[in-house]
Amino acid sequence: MMTDTDPGSYSQILRWALQDSNDAAMASANWLAGDIDDDRPTVEELLDDPEAPLGNIEQAKGVFKTMRIVGETTADRRLGARLYAATIAAALVHHDTRISSQSDAAIERSLKALAEDGKMPSRLKRLASEALGKMA
Amino acid sequence: MTEDHPISYCVTSPVSSLLTGAYPPGQEPNFMSDARDHLNERESGFWPRTSWSRIELLNQVDADSDDKDIYEDLIQRYWPAVYAYVRSTGRSLDESSDLTQGFICDIILDRQLFHVANRQRGRFRSLLLTALKNYIRERYRYEARMRRGGRAVLIPLDSAEQVTQKSRDAKQPDEVFHAEWAGSLIRHVLDMCQRACRQDGLDTHWEIFEARVVRPSLTGEAAVSYDTLILRMGLPDVAQAANMMVTAKRRFSRYLQDEISKTVDEPTSAPGELSALLAALEGRS
């Protein structure tokens, strides 16, 4: 055999650079989502899927909570905060479970901020609105 | 040398070896040492590393005493793609080594491919592949002329069928070239990223990235679990480790973008080259 080169794995690696150049903060968030759940390699797929296991949503909550603090840029930390709220919304909407010990007022504030953030994907904004509806 | 060429060693060996690009003792391909001998015979010249800016520098500076190291560095970077292309055209191991050596010595060193190259010609990857195809065509014509001068050679049908079969089974040579180009680029950037992480005190970030992402992606081995990693590295939790992995992965992606931007006419063309390379790897071009 001359070479075991697998163009598939090279393609996958090159795509990281393409993803990062498009939207660095979201690329990092998607890498974190894919690291938690191979079958759901983006935050939207992980958080807006009723079939995603609650354990994975809880793991995502921890990961985005940390991203909110240690993210490299302001954009990373801001996105981390929004996605942290999105994990709480996902657990409420898809599993009818509250995974945060924050007060209702604090949760509602962060869900509202997510629902109104024009830069966030529409699926996650809708998820936040649904969660707010459940809490009402 | 066995049929298992060092290229397969480079591709399937542990990541530490991938990163250094080293050969096991005594397994360096023959044409590498031949090229080195050739370099020893050269008295002057300045070899650009890989980027157009270096290539442009080539035409501005005088001979540099460190040229030999730079030549070697460049040959180490590009011979796998050249060799892989030649081999995938159905040529034997010896023929492929010979042609690769010929290309390095005749075109890259003697005809100074990089001295005549310029940024306006676009992608460095395309330039190298075109030069290689032209060289092979030239060699073929030369050898055909030599054959016409001698007695006719009858090719046994069985052998021809074997070659045809081999061509059918093999990937297209261009595809193989692009794959090996991508492999060399990735190995180089991984090496660069590892060194930068170490230098910046991000050893743990690198180790997590390597164990969770690099090794599984390149060698197919299973990713080390976060539980194992946080225990081994004394980290507080999985969330911390995952974010460290992402920091290293992002660095790697940035270095990859930078390296690609050095091989195109304008840095803004880098995403286009990245997309083109992806298309080539996936047989869409």
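Which residues in α10(B) meet which residues in α13(B)? Keep that one in mind while you set up the view.

This is a predicted model, where local features need pLDDT of at least 70, side-chain atom pairs count only at pLDDT 80 or more, and totals for chains, interfaces and linings use all residues. Residues are numbered from 1 along each chain as its sequence is written, chains are lettered from A and ligands numbered from 1 in the order in which they are written, and side-chain values use heavy atoms, with hydrogens and water left out.

**Stop 1: two helices of chain B**

Select residues 173–199 and 238–261 of chain B, which are helices α10 and α13. Helices here are DSSP runs (H or I, at least four residues; strands are E, at least two), numbered from the N terminus. Their axes are 9 Å apart and the packing angle is about 125 degrees. Axes are lines fitted to C-alpha atoms, for helices over the stretch in contact, and angles run from 0 to 180 degrees between N-to-C directions. The pair is therefore oblique; angles under 35 degrees count as roughly parallel, over 145 as roughly antiparallel, 65 to 115 as roughly perpendicular and the rest as oblique. The crossing of α10(B) and α13(B) is right-handed, meaning that the near helix is turned clockwise from the far one by less than a right angle (anticlockwise would be left-handed).

Now show side chains. From α10(B) come B:Leu185, B:Ile186, B:His188, B:Val189, B:Leu190, B:Met192, B:Cys193, B:Ala196 and B:Cys197, and they meet B:Ala248, B:Arg251, B:Phe252, B:Tyr255, B:Leu256, B:Glu259 and B:Ile260 of α13(B). Contact means heavy atoms within 4.5 Å. Coloured by class, you get 13 nonpolar residues, one polar and two charged. Ala, Val, Leu, Ile, Met, Phe, Trp, Tyr, Cys and Pro count as nonpolar, Asp, Glu, Lys and Arg as charged, and the others, Gly among them, as polar.

**Stop 2: across to chain A**

Keep α13(B) and add α2(A): the two axes come within 10 Å and cross at roughly 130 degrees. This pair is therefore oblique, and the crossing of α2(A) and α13(B) is right-handed. On the α2(A) side, pick A:Ala24, A:Ala25, A:Ser28, A:Trp31, A:Leu32 and A:Asp35; the α13(B) side offers B:Ala242, B:Asn243, B:Met245, B:Val246, B:Lys249, B:Arg250, B:Ser253 and B:Arg254. The split for this contact is seven nonpolar, three polar and four charged.

Zoom in on A:Asp35. Is A:Asp35 buried or exposed? At 17% relative accessibility, A:Asp35 is buried (under 20% relative accessible area; exposed is over 50%, partly exposed in between, with a 1.4 Å probe and protein chains only). Setting aside neighbours within four places in sequence, A:Asp35 touches B:Arg212, B:Tyr226, B:Ala242 and B:Met245.

**Stop 3: α4 of chain A**

Next, select residues 54–70 of chain A, helix α4. Its buried residues are A:Asn56, A:Ile57, A:Ala60, A:Lys61, A:Val63, A:Phe64, A:Thr66 and A:Met67. They pack against α2 (24–36), α3 (43–47) and α5 (74–95) of chain A, and against α13 of chain B.

**Stop 4: two loops**

In the loop between α5 and α6 (104–115) of chain A sits A:Asp96. A:Asp96 is not a glycine, but has a positive phi of about 50 degrees. Most residues other than glycine have a negative phi. A:Asp96 is exposed, at 61% relative accessible area.

Finally, go to B:Lys171, in the loop between α9 (157–169) and α10 of chain B. B:Lys171 is partly exposed at 39% relative accessibility. Its C-alpha lies 9.0 Å from that of B:Thr89, 82 residues apart along the chain.

How values were computed:
The expected span of a helix is 1.5 Å times one less than its number of residues.
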